[in-house]
Amino acid sequence: MEKSIVNTKQINRKKHQEDSFTVKTQYYTFASPPDELELESGRKLGPITLAYETYGRLNKQKSNAILILHALTGDAHAAGIHEEDGQTGWWDNMIGPGKAFDTEKYFIICSNVLGGCKGSTGPASINPRTGKPYGLEFPLITVKDMVNAQRCLIDHLEINKLLAVAGGSMGGMQALQWVVSYPERVCSVIPVATTITHSPQQIAFNEVGRQAIMADPNWNDGDYYGKDLPAKGLSVARMVGHITYMSDVSMNEKFGRRFKNEKKPFKFSPEFEVEGYLQYRGDNFISRFDPNSYLYITKAIDYFDLANGNGLYAVLKGIKAPFLVISFKSDWLYPPYQSQEIARACKLAGIEATYCELNSNYGHDAFLVEVDEQTHMIRHFLKKVSHSNKVSEEYAE
Amino acid sequence: MLNNSIRLDYRIILEHVEPSSSVLDLGCGTGDLLSLLVREKNIKAQGIEIDDKAIFECVEKGVGVFHDDIDTGLPEYGDKSFDTVILHQSIQQVKRPDKVLKEALRVGRKVIVGIPNFAYIKARFQIFFTGKVPVTPSLPYEWHNTPNLHFLSLVDFVEYCKKQNIRIESACFLGKKRKVHIFPNLLAEVGIFVLADDKQSENTNIITR
């Protein structure tokens, strides 16, 4: 076993160097008035654009499609090298030829969520009624709304049934929502480092982030487009986020109590490496993320409650799709007990499921960095799912 | 006809599992038994295992498994939610065999228990002549690295079942290569029991010393 994991490690590294494919983001616009998308809140929204990317080839029966769902600040660019900016995808170590989500076998789709700011419709998009960015005019959105919008994209791609829905953190919530909303359209579910509902602790951290943004005078009730951005507020929100993604052990390993090199007179400027790192991460965030999107999306995941006060097993009852549930020992933001709840509900609902708590020191970040064990689990799980769903390797010309 | 290359204990268990039934294997290890049952009997398989390395191997074999401790991992299951619950070579490794067995009997219509026999003749000889804790094929560990927390003989197990009103439907005793028919508590390395919890004490003299 040890040996096979080491082998996978070597193969992965080798693969990673060899297979850097270029990708481009595509856009799908739908729900134009009068056919707007009705949101969970009852409000209507349209037109809606979703940015998405695909990797691999769809087979003849359109039965090898896997939808990857991204986390809070992720985007549609999950794998490969982006043809415009040369950026590598956020889950590139898991998606590609020979990787966990093998693009030689599967057709992978990833879209930026509704409410996002990386090409999909969100608070920074132009409100067709006013000709100006929505700002706080943007309606409240939920994880269910994100999934409903994705369903429109999947319809547009003429895919009737997804072989798998998979994602970590907020991506895992969407995967769970997918199978609950559309049980007939999902063959299997891979929720990683996620939960069926946020604990008060998770809501609390999000609230600190939101308050930081809203306390920034530049935030201006969300009306800052074309003016000075609430960069400092967003930066603090991101710093809090980063702390919760790491673990005590991983921070110790990464920074210790080391000091930054340059010596400046004492003025509360960052001295410890960890301070410098957080400030760097925070300050850079404004160049790639819209503060209002941060507010809307964190609220969406705080509201998320898959069981809606009922027993989760009752919600899952009748679902045929097998589950592969993964958590990480050192993840204190989405602790393993939350994944165990999902596994327990599967037991009660009679769903065929595998649950594993992986050993890792990386905290919540583990789902992005612990590649080898996840690859092993996901690859074999998908192999079995493909087999039981008779996925062919015939491709249209 | 079953392949003779299959381990003898697995062959015995196979005989007691109905085709296309549901099976829960408590302490399923690397999933060998479950994947065999899937292949030979087309069962609906579910395992519970505490060791993550073993879980990786289960996933490789396509066996669904929960990373959990069977000492605490059963309360979610409803009464009689599995046709068969298997506790093969695992009951001696849990903290509370009495509780686990009781839960297994609640969750399964039938429970198959496989135990290594501490009173096997070679074990008796080793204790008697060398004065050391026995190491046998069914108890292959040294005192310092054994996962076994409890040491019992086949007689111990039968007596326990009698006391708890657990009915032993059938029992099979295995030596190295074949079944043992006489003096099992002395000559068998492993005992495989099929249990039912119907509060009838019918345990006739299955075992003689």
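Trainee: How many of the contacts in chain B with a separation of 6 or more come from residues 24 or more positions apart?

Mentor: This is a predicted model. In chain B, 61% of the contacts with a separation of 6 or more join residues that are 24 or more positions apart.

Trainee: Which helices and strands does chain B contain, and in what order do they run?

Mentor: Chain B has seven helices and seven strands. Read from the N terminus, the order of its elements is α-β-α-β-α-β-β-α-β-α-α-β-α-β.

Trainee: What does the radius of gyration say about chain B?

Mentor: The general idea is to compare the computed value with that of a compact globule with the given number of residues. For 209 residues, such a globule would have a radius of gyration near 17 Å, and chain B, with 17 Å, agrees with this. Along the principal axes, the C-alpha atoms of chain B fill a box of roughly 45 × 40 × 40 Å. Of the 209 residues in chain B, 44% are buried.

Trainee: Let us turn to chain A. How is chain A divided into domains?

Mentor: Domain 1 of chain A comprises 2-197 + 305-388, and domain 2 comprises 200-303. Their centres, taken over C-alpha atoms, are separated by 25 Å.

Trainee: How many residues of the two domains of chain A are in contact?

Mentor: Here 28 residues of domain 1 of chain A are in contact with 22 residues of domain 2. On the domain 1 side, 16 of the residues are nonpolar, ten are polar and two are charged.

Trainee: How should one read the interface between chain A and chain B?

Mentor: The size of an interface is often given as the accessible area lost when the parts come together. In this case the description is by residue contacts: 19 residues of chain A are in contact with 14 residues of chain B. On the chain A side, the elements giving two or more residues are α10 (336-349), β16 (353-358) and α12 (371-388). The largest share, six residues, comes from β16(A). By class, that side has ten nonpolar, four polar and five charged residues.

Trainee: Is strand β10 of chain A mostly covered or uncovered?

Mentor: Strand β10 (residues 107-111) of chain A is mostly covered, with five of its five residues buried. A:Phe107, A:Ile109 and A:Ser111 point one way, while A:Ile108 and A:Cys110 point the other way, and all are buried.

Trainee: Which strands pair with β10(A), and in what sense?

Mentor: Strand β5 (residues 48-55) of chain A pairs with β10(A) in the antiparallel sense over four bridges, and A:Thr54 has A:Ile109 as its bridge partner in β10(A). Strand β6 (residues 65-69) of chain A pairs with β10(A) in the parallel sense over four bridges, and there A:Ile66 has A:Ile108 as its bridge partner.

How values were computed: Residues numbered from 1 in each chain as written. Chains lettered and ligands numbered in written order. Predicted model: local features only at pLDDT ≥ 70, side-chain atom pairs only at ≥ 80, totals over all residues. Contact = placed C-beta atoms within 7 Å. Nonpolar A, V, L, I, M, F, W, Y, C, P; charged D, E, K, R; others polar. Domains from an automatic or database assignment. Rg over C-alpha atoms; globule rule 2.2 N^0.38 Å. Buried ≥ 20, exposed ≤ 12 C-beta atoms within 10 Å, placed from the backbone. Pairing = 2+ DSSP bridges.
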